[in-house]
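Visitor: Please take me through one part of this structure strand by strand. I would like to know who pairs with whom, and then what surrounds that part.

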Amino acid sequence: MLILILTVGCSDSFLDVKPTDKITGDALFSSQEGIDAYLANLYRQIPIEDFNATPEALNYNPGDANNAGRYPIIFTDNAIGSENSSISPLGANDYNYWESGYRFNKEINLLKDVIGNLTSVSEEVKRNLMGQVYFMKAYNYYALAKRYGGVSLITDTQDFLNVEGLYVPRSTEEETWDYVMAVCDSAAVYLDQDPDPKRRKATKWVALALKSRAALHAASVAKFWDKYEFTGKAVDNGLVGMPESAADKYYAQCIQACEEIIKSGNFSLYKQNPANPNEATENYRLIFEDPNNALEEAIFIKGFNEIGAGYGSNQDNWGNPNQTRGAWPHPGRFNPTLELIDEYERYDNPGKSSPIVTTKDGVVNDYSGYNARKEYLEFDDPQDIFEGKDARMFATVIVPNSIWKDTKIIIQAGYIQPDGKAVIMADERMDVNGKMYYTFGASDPALYSGFSTFGGNMTRTGFGFKKFLNSSYTPRLGWNFSTTDWIDFRYPEVLLDYAEAVLESGQGDPVLAAEGLNLIRKRAAHKTDIPLTIENVLRERRLELVYENKRYWDLLRRRNYHEIFTQRERKALMPVLDLRTMKYIFVRTNVPRGGQVTFNPSWYYKPIPGVGVSGLIQNPHY
Amino acid sequence: MKKVLFIIVVILAFFTSCELDNYDAPNAKIFGKIIDSETGEPIQQEILEGSRIDYIELGDFANPPTQQMRFKTDGSFRNDLMFAGKYHIQARRGNFFILPADTIIVKGETEYNIVTEPYIRIKNVSYAIEGRDMVASFQLEQVADYPVKSIAIFADLNPNVSQSLRKLANVAEINKNVSPDETFTLKMKLDPFMDIIPDGKPSFYFRVGALISGMPEAKYNYSEPKKIEIDYSTLPPVEPEIPGNVIDDCESLTGWGSGGFQLSLDTDAKQGNFSIKAEGQGVVIYQKKFAPFDTQVDKETGTLAFSLFILDTSPMKAGDSSIEITSSGGPDVEELAWRFGEDFEVTNGWNKIELKLKDGRKGGEINLNAVNFIRIYHTNITAPMVFKIDNIRFY
């Protein structure tokens, strides 16, 4: 008996039995469903900065997704949190991506290994899979390079028995960006040459858009690096920083990628010619409420098809003003700043930012609060002060007294009593000629959305958040119920990348660049073309792409974050009802309970975790 | 029995593993100062995001981390939790010339001083309350071969006041090489202090700073923090100021020209941080062409106002002289003009010039909705003079 067992045990065929708990590459990739399922798992890990991108982690939509509403939009000059004044919740560790990035890279390399051995799929499918590998590598290394500078390039699956080989030193920052450019190019060659009708899959066009974004980042770092010059070992070894001469190379790459997209005619702006600003507002809003409305403009969409942990987002929860919070207890976390509102043009003064004028002397840089000696402009309706501002503003923010989801959103900071005493930021009420008036505009917190400290639910800038919110969804009590899709690449970004690269480098076609800039403005109901200047392009970029998680990286790559944020206080606009005239006045002021915030230049690069073990050279200042 | 023994052994094992780690506690201390080699004085520092001392312990470690210490405001440092041993040490990211990394032995209580030079020495600092302003005067000795980027005055309730730790600040970008004789003045309005402490006689800490350009990761150089009491009750009442529509605030030299005079920004200002200083001898003292400016005043009631400093008026002899504004983009056409000595008087020091538009001498009809030129000239200046102009406006 024993001999028999030994004999059987020695049989070769016994060891060749296929494991039943695993599926082979060939079996998995032999059907489109199998490919889609596998890619879906990888796509989820692409470092797309969508609704669930937080300073703590990407894809932050677990069962209890409570990070107190800390999303990237409130950490720039475009917005402030209702309870969060910092611009950097985790300091140097904001948006840390090292471990997730290398985990993802390992998974991409595993797919790459499998492709070569597949026998059951066509060469065409293999080619496309290789394209997906290059695309994901490009995206992943772009995400690493913009955080850490030069990083370890691990292009193939590592042999874990070769311990010495596991320690891959950092490449220089320039080599890393060159690698990102090269894998973008490979992706553009291998991926489908036609746009995906639903914009969900990577194609040549997505690879080119990614290349444009990455090249512009690299070029800007090379050009503006010396605005904050670092020193130390990482600098001496070229691991952070690039020679200024590299800027032209990357601008050229950006220009080439953009020109290919623009000249292909594959993409255009959604509703390019609105009849009037109101129409332009609604058109712009619809792009973000449901990107599938605007497929001519979307280049790459990340879908959110299901609710629940790991699937949905919390955008409608955190974003809605207090009055339309539904069953959700913690709304109103994202408060657009007055600086952003000021930046929007008026149609009668094209090409210039148009600060909100609140006093007869026209002074707009006094933030010292209400002053009885000043002569304030008076308005019957708080909305009137915003008349004539850029259409996109009204699709991006909720202004006081405007209608959102059939509700008049009341945002008021106080009143001036008939005896002239100002009561601002205090919860009081007063009877005037038999009618009761309330400092915050209504009798109960449920009926207003501004300035009170109630629950952290009220805006403290005077503006509510609107872009991306779903107008037909009422927030429920629970996490991850929002299923609005996210546009990762949108045609206007390409047009603006192009304009910036042309201006900064003197390469490319300035006529085409100016045309792109003005196409975006025309879609926002502007009638006058403005010249191609860097101020115009940067203002347009800030406004058109606002809250699309670009601003942080724009300030970072152009190295002016520390200049803009040196002991800076963000600004608010307080609507105040004058009970003597029953008209509204507005007070430009520092955000209440805001305080001064500073961007520490060390944060231009993130610290690399675990250098004590890996022996990698650490970034400066850490 | 065996079973019981086993349990006892296991429990004993738990007890032994409950011991604290078996490393020795830190057994050495280091302290010292960063000292200016020329003056022997400590180089003033800031505690928040300030200069730092990097040190690496040279022991039997594969990848020893870089550790760091910070200076105190007075330029001293101390670390009482060091391990005795050999270290690489280097002070960096500061307001001083960086020395090569040093190798030192730390044992017991070790004193280690860093002797170098600051990028800028700040000298002869004095503070005075003038009107409703705090005015700091100081001189700078530029040690580094790069222009001074900015000068600043910082204020806070905390004695460690600095550029990162201050409630109030006035920062002026100067971007120039400075001579040790030049005196700078910077003002801070005292009214915002009342937003911090509304009444009484509060004390605040003040500090003057200067930042070098061209040196990577440079920090401000500072004067010593100075505690100053501000007695609000002694401040003069708020003067009703006539702000007007400012055609030029004289905060920049852009567009300004002169014939024979050297123009520069000067921190002796009536408004903002700067006035425009003209030094030398010639005919045209100041001249500027503007984009068309709407004065928002009319010819009957309007006034052209500005501040004009003249160090010594005696070299101005009788001669053709004028202050002119025009809407023709150049002199003498569509013009209003006023003559020195005939239409207005000037004295030594700062003059508050207020010129009624209805009294101006006409050279054609000026368009007050589109003023685009200003010129100040004098044909008979007999010796080099110093002028300063500021805050040119209409009301």
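**Strand pairing in chain B**

Guide: Start with strand E11 of chain B, residues 148-156. E11(B) is joined to strand E14 of chain B, residues 203-212, by eight bridges, and the two run antiparallel. Take one position as a handle: B:Ile151 of E11(B) faces B:Ala210 in E14(B). Keep in mind throughout that this is a predicted model.

E11(B) also pairs with E12(B). Seven bridges hold that pairing, again in the antiparallel sense. Here B:Phe154 is the residue to find; its bridge partner in E12(B) is B:Ala169. Strands in a sheet pair through backbone hydrogen bonds, parallel or antiparallel.

Now follow E12(B) outward. Strand E12 covers 168-176 of chain B, and strand E13 covers 183-189. Each supplies at least two residues of the side of domain 2 that touches domain 3 in chain B. By class, that side of domain 2 has four nonpolar residues, two polar ones and no charged ones. In number, six residues of domain 2 are in contact with five residues of domain 3. The C-alpha centres of these two domains are separated by 31 Å.

The division itself is easy to place. Chain B has domain 1 at 28-116, domain 2 at 120-234 and domain 3 at 245-394.

Domain 1 offers another strand to trace. Strand E1 of chain B spans residues 28-36, and strand E4 spans residues 76-82. They pair antiparallel over five bridges. B:Phe31 is a good marker, with B:Arg78 as its bridge partner in E4(B).

E1(B) has parallel pairings too. Strand E7 of chain B, residues 109-111, runs parallel to E1(B), joined by three bridges. Look there for B:Lys29, which stands opposite B:Glu109 in E7(B). Strand E8 of chain B, residues 114-116, also pairs with E1(B) in the parallel sense, over three bridges. In that pairing, B:Ile35 has B:Val115 of E8(B) as its bridge partner. In a regular strand, side chains alternate between the two faces of the sheet.

Next, the neighbouring chain. Chain B puts 10 residues in contact with 10 residues of chain A. On the chain B side of that contact, five residues are nonpolar, two are polar and three are charged.

Chain A has a sheet worth setting beside these pairings. It is an open sheet of four strands in the order E8-E7-E13-E14, with mixed pairing. Strand E8 (422-424) and strand E14 (583-590) of chain A each have a single partner strand, so one side of each is left without a neighbour in the sheet. Neighbouring strands of this sheet are turned by 25° against each other on average, direction ignored.

Finish at the edge strand E14(A). Its partner is strand E13 of chain A, residues 571-578; the two run antiparallel and are joined by eight bridges. To find the pairing on screen, locate A:Leu577, whose bridge partner in E14(A) is A:Tyr584.

Key: Residues are numbered from 1 along each chain as its sequence is written. Chains are lettered from A and ligands numbered from 1 in the order in which they are written. This is a predicted model: local features need pLDDT of at least 70, side-chain atom pairs count only at pLDDT 80 or more; totals for chains, interfaces and linings use all residues. Two residues are in contact if their C-beta atoms, placed from the backbone, lie within 7 Å. Ala, Val, Leu, Ile, Met, Phe, Trp, Tyr, Cys and Pro count as nonpolar, Asp, Glu, Lys and Arg as charged, and the others, Gly among them, as polar. Two strands pair if DSSP finds at least two bridges between them. Axes are lines fitted to C-alpha atoms, for helices over the stretch in contact, and angles run from 0 to 180 degrees between N-to-C directions. Domain bounds come from an automatic or database domain assignment.
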